[in-house]
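This briefing accompanies the sequence and structure shown below. The points are grouped by topic.

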Amino acid sequence: MSFHTEGPPIADQRVPAGPIETRWDRRRFSARLVNPANRRNRTVIVVGTGLAGGSAAATLGELGYRVKSFCYQDSPRRAHSIAAQGGINAAKNYRNDGDSVHRLFYDTVKGGDFRSRESNVHRLAQISVEIIDQCVAQGVPFAREYGGLLDTRSFGGAQVSRTFYARGQTGQQLLLGAYQALERQINAGRVEMHARHEMLDLVVVDGRARGIVVRDLVSGEISTHFADAVVLATGGYGNVFHLSTNAKGCNTTAIWRAHRRGALFANPCFTQIHPTCIPISGDHQSKLTLMSESLRNDGRVWVPKNPHDTRKSNDIPEAERDYFLERMYPSFGNLVPRDIASRAAKNISDEKRGVYLDFADALKRLGPLAVEERYGNLFEMYQRITGDDPYKVPMRIYPAVHYTMGGLWVDYDLRSNIPGLYVIGEANFSDHGANRLGASALMQGLADGYFVLPGVIGDYLADGPFEDLDDAHPAVADTVSEVRGRIKTLLAVDGDRTVESFHRELGRLMWDECGMERNEAGLRKALERIPELREEFWQRVKVPGSGAELNQQLEKAGRVADFFELAELMCVDALHREESCGGHFRSESQTPDGEALRDDARFSYVAAWEFTGEKPVLHKEELVFEHVQPTTRSYA
Amino acid sequence: MKLTLRIWRQHGSSGRLVEYVMDDLSPDMSFLEALDVLNEKLILAGEEPVAFDHDCREGICGMCGVMINGVAHGPQKATTACQLHLRHFKDGDVLTVEPWRADPFPVVRDLVVDRSAFDRIIAAGGYVSVPTGSAPDAHALPVPKPDADTAFEAAACIGCGACVAACPNGSAMLFTAAKATHLGVLPQGQPERYQRARNMVAEHDALGFGGCTNTGECTSVCPKGIPLTTIARLNADLLKAHTTRSDR
């Protein structure tokens, strides 16, 4: 039985043809502008205040637009970009080690396993350079050499040193830079900030995205906000797996509700599993903690040669250790891309035992001071969580869900198929293909927010301002009434199972059947089980309290309800893509060595899904490679 | 392991401590995971779960924070409540859990407080005015490594509010000084340095935070170990702002 139908193909209408190096320049030139005096009459809603949303809201405010910014946290500074550790890539070539815009472009297209758009990735590589300049000027305290210049390090999937970092807190420092720029605009009255507000639906009027319905998480009040354009910067959906490295509040509701209103959802099955996380310690586990990929610069990954070895790590002699990444991939060694490292770890161990990440050699080579300088806060974090001291015993690590490459479909202008709806950062699908390289999420979030969106949104806003709206408009009233109805239903079930218990069960199912390795039988099983479980959710969930107060269970219930629907689409997407690529590994499609086997003849396209309420409809966007020839990724 | 939690419950303008006995906890749990377990039980028993703020659970977002036996974020040094694990308590311990208490941080519900005053302090001047696109090349302005390190150390503040909760005066001076130091020691932050110090402190005072009397409680509970010397730097900048600058 097929779980989907196919509709007409789609294409990106906004990318200019011609030399890839000048496409972005030419698009910016062809995009219409809004003159500074008129920008005051254009309102833009930005949902989410992470690297993408925070930088976009600040920059649009600087340009003179009226901006309304929303986040569910108590302050825009808390968005989960803050937890990104390792660094941000930029093709500065300060190291003189052969880097260039073209090489970053090439590495990213290859790292994404040839499932991203060349034009978007090339633009990202070009803009990477400006991002570092902007952040340094804001006072982001990047690591520096003794000469006062910026330090860099290497990340997975690259053989050059192009990753700028601020100890293990790069995301925090970049986000604070964007947050401070945002607060400056708030102070200037150009951005109206709504913290502790959650977007629950998108308002579409006459085919245009015109606003959002939000719930004030403190009072419970439902209200509408209108604008000439709506920007979603609401992050990824990794929490569909229940356990992930995402913050507890990360959710899919904003993009899922937009999808239900007509926005296409692209490549939902492309999820990234990060190889170096702290293993699960028990059933109470509420989230997983990432240990930065940068650790693989100096740490060596190994398992005991004998899988039944019960000795403590330090008692296992050198000759009885298998440094499996160095053995299998001699030229990239411990720095192979994330998907490859994760699967290798999974194939060689399990989630209880994990694999070792060992710094003994680095401590000998560099000394404890240099190791502390580079990784001190990560070591402390590890010790805090596990009680073990990584300066003395190797860390135990295991892969965990970390990032979602899929997201709402956007064109070159980052505009979804709904006019006026823009999607930026992790919430869109555009730049990472089937696998994201380390230190590229921060780069993409800031590229989208500081430069791409502000560079082209004028082309759409030039048609505005659009007609004034109020809650009496039928389309608005319908949307609000749906939101209210949903909350009422969740509260009315009053069953016997907690939201958390459903989330845990859904997450386990997704991890088992749509996680690191997928196959047809498992996906079909999941597609049978998810609707049953969802049905049970709506029959048995227990949400205490009322809608007219701070109610954290109600917030979570709404998010989990949307995860149920998204989970099904992820499995449909994973089932239809009968190839392995990047983070999507179908066990039926592998080489004799167990590596991912792509099928470019059949699957060199973006799968963009349309919501119908019945079977989802697949629209294919063909991918064209003119500058990087698709080859089998080899890191051996 | 067993713990008795005496938790502040508040819905509306007044509250009280309510005792909960938990006897099936694991020492590997984080403190917030113990609250999760409690809430699951409360929900199934038809009671209201305990409201508490949290998000990343990695000690970096700054959203969580409670007083545990009178100490902000609990007994472990340099650790947020979400990273505090039960192995640091003894079987049978009784823990009193309360929200941050300070006038500018009104209680929203149970352990949740409103810290938006912190955003207003930053909005008053905690930035470098550099609109997107106007930056010179990143290497145009070298920064001596010791200055970069001092800036980083101060920039590590997560804005959790523990410093205010711990201070007998309810002062947010450590928070304010961390930002003033981060930007004030970097060359990028020089043009606005004194104005920044003056404006942030004026906003801090207007919001109702108390004055600093150098008790040092703030730095001892700070999960990121922001040093008291940041306050000395801020005071020096403030003095200069009010005495020598022409733009005062």
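Which residue is the bridge partner of A:T5 in β21(A)? In this predicted model, the partner of A:T5 is A:V617. The topics that follow are the strand pairings of chain A, the contact between the chains, the nonpolar core and chain B.

**Strands β1, β20 and β21 of chain A**

- Strand β1 (residues 5-6) of chain A runs parallel to strand β21 (residues 617-622) of chain A, and 2 bridges join them.
- On β21(A), strand β20 (residues 605-610) of chain A is also paired, here in the antiparallel sense and through 6 bridges.
- Within the pairing of β20(A) and β21(A), A:A607 lies opposite A:K620.
- A hairpin is formed by β20(A) and β21(A), with 6 residues between the two strands.
- In the turn of this hairpin, A:G613 has a positive phi of about 95°.

**Strands β2, β3 and β7 of chain A**

- Strand β3 (residues 66-70) of chain A is largely enclosed by the rest of the structure, because 4 of its 5 residues are buried.
- Strand β2 (residues 43-47) of chain A pairs with β3(A) in the parallel sense, over 5 bridges.
- In this pairing, A:R66 of β3(A) stands opposite A:T43.
- From β2(A) the chain passes through α3(A) to reach β3(A), a β-α-β crossover that is right-handed.
- β3(A) also runs parallel to strand β7 (residues 191-194) of chain A, to which 4 bridges join it.
- Here A:K68 is placed opposite A:E192 of β7(A).

**The three-stranded sheet of chain A**

- An open sheet of 3 strands in chain A follows the order β4-β6-β5, and its pairing is antiparallel.
- β4 (88-89) and β5 (152-153) of chain A are at the edges with a single partner strand each, so one side of each has no neighbour in the sheet.
- Between β4(A) and strand β6 (residues 163-164) of chain A there are 2 bridges, and the two strands run antiparallel.
- A:N89 has A:T163 of β6(A) as its bridge partner.

**The contact between chains A and B**

- Chain A brings 63 residues to the contact and chain B brings 64 residues.
- On the side of chain A that touches chain B, at least two residues come from each of α3 (51-63), α5 (118-138), α6 (170-187), α11 (368-386), α12 (441-461) and α16 (552-576) of chain A.
- α6(A) gives the largest share of this side, with 9 residues.
- Sorted by class, the side of chain A that touches chain B holds 23 nonpolar, 25 polar and 15 charged residues.

**Helix α6 of chain A**

- The 18 residues of α6(A) reach 26 Å from the first C-alpha to the last, close to the 26 Å expected at 1.5 Å a residue.
- Of these 18 residues, 17 are buried, and α6(A) is thus mostly covered.
- A:G189, just after α6(A), takes a positive phi of about 80°.

**The nonpolar core**

- The largest nonpolar core contains 275 residues, and those with the most contacts inside it are A:V231, A:L232, A:L408 and B:C163.
- Apart from neighbours within four places in sequence, the contacts of A:V231 include A:V44, A:I45, A:V46 and A:V47.
- A:A56, A:Y422, A:I424 and A:L453 are likewise in contact with A:V231.

**Chain B as a whole**

- Chain B has 8 helices and 7 strands.
- Its C-alpha trace spans about 65 × 35 × 35 Å along the principal axes.
- Of the 248 residues in chain B, 53% are buried.
- Among contacts in chain B between residues at least 6 apart in sequence, 70% link residues at least 24 apart.

**Helix α2 and residue N169 of chain B**

- Helix α2 (residues 116-123) of chain B has 6 of its 8 residues buried, so it is largely enclosed by the rest of the structure.
- The buried residues in α2(B) are B:A117, B:F118, B:D119, B:I121, B:I122 and B:A123.
- Their cover includes α6 of chain A, together with α5 and α6 (193-206) of chain B.
- B:N169 lies in the loop between α4 (162-166) and α5 (173-184) of chain B.
- B:N169 is partly exposed because 16 other C-beta atoms lie within 10 Å.
- Not counting residues up to four places away in sequence, B:N169 touches B:G210, B:G211, B:C212 and B:T213.
- B:N169 and B:G210 are 41 residues apart along the chain, yet 5.0 Å separates their C-alpha atoms.

Methods:
Residues numbered from 1 in each chain as written. Chains lettered and ligands numbered in written order. Predicted model: local features only at pLDDT ≥ 70, side-chain atom pairs only at ≥ 80, totals over all residues. Contact = placed C-beta atoms within 7 Å. Nonpolar A, V, L, I, M, F, W, Y, C, P; charged D, E, K, R; others polar. Expected span 1.5 Å × (residues − 1). Buried ≥ 20, exposed ≤ 12 C-beta atoms within 10 Å, placed from the backbone. Pairing = 2+ DSSP bridges. Core = buried A, V, L, I, M, F, W, Y, C linked by C-beta atoms within 7 Å. Right-handed = clockwise from strand over helix to strand, strands pointing away.
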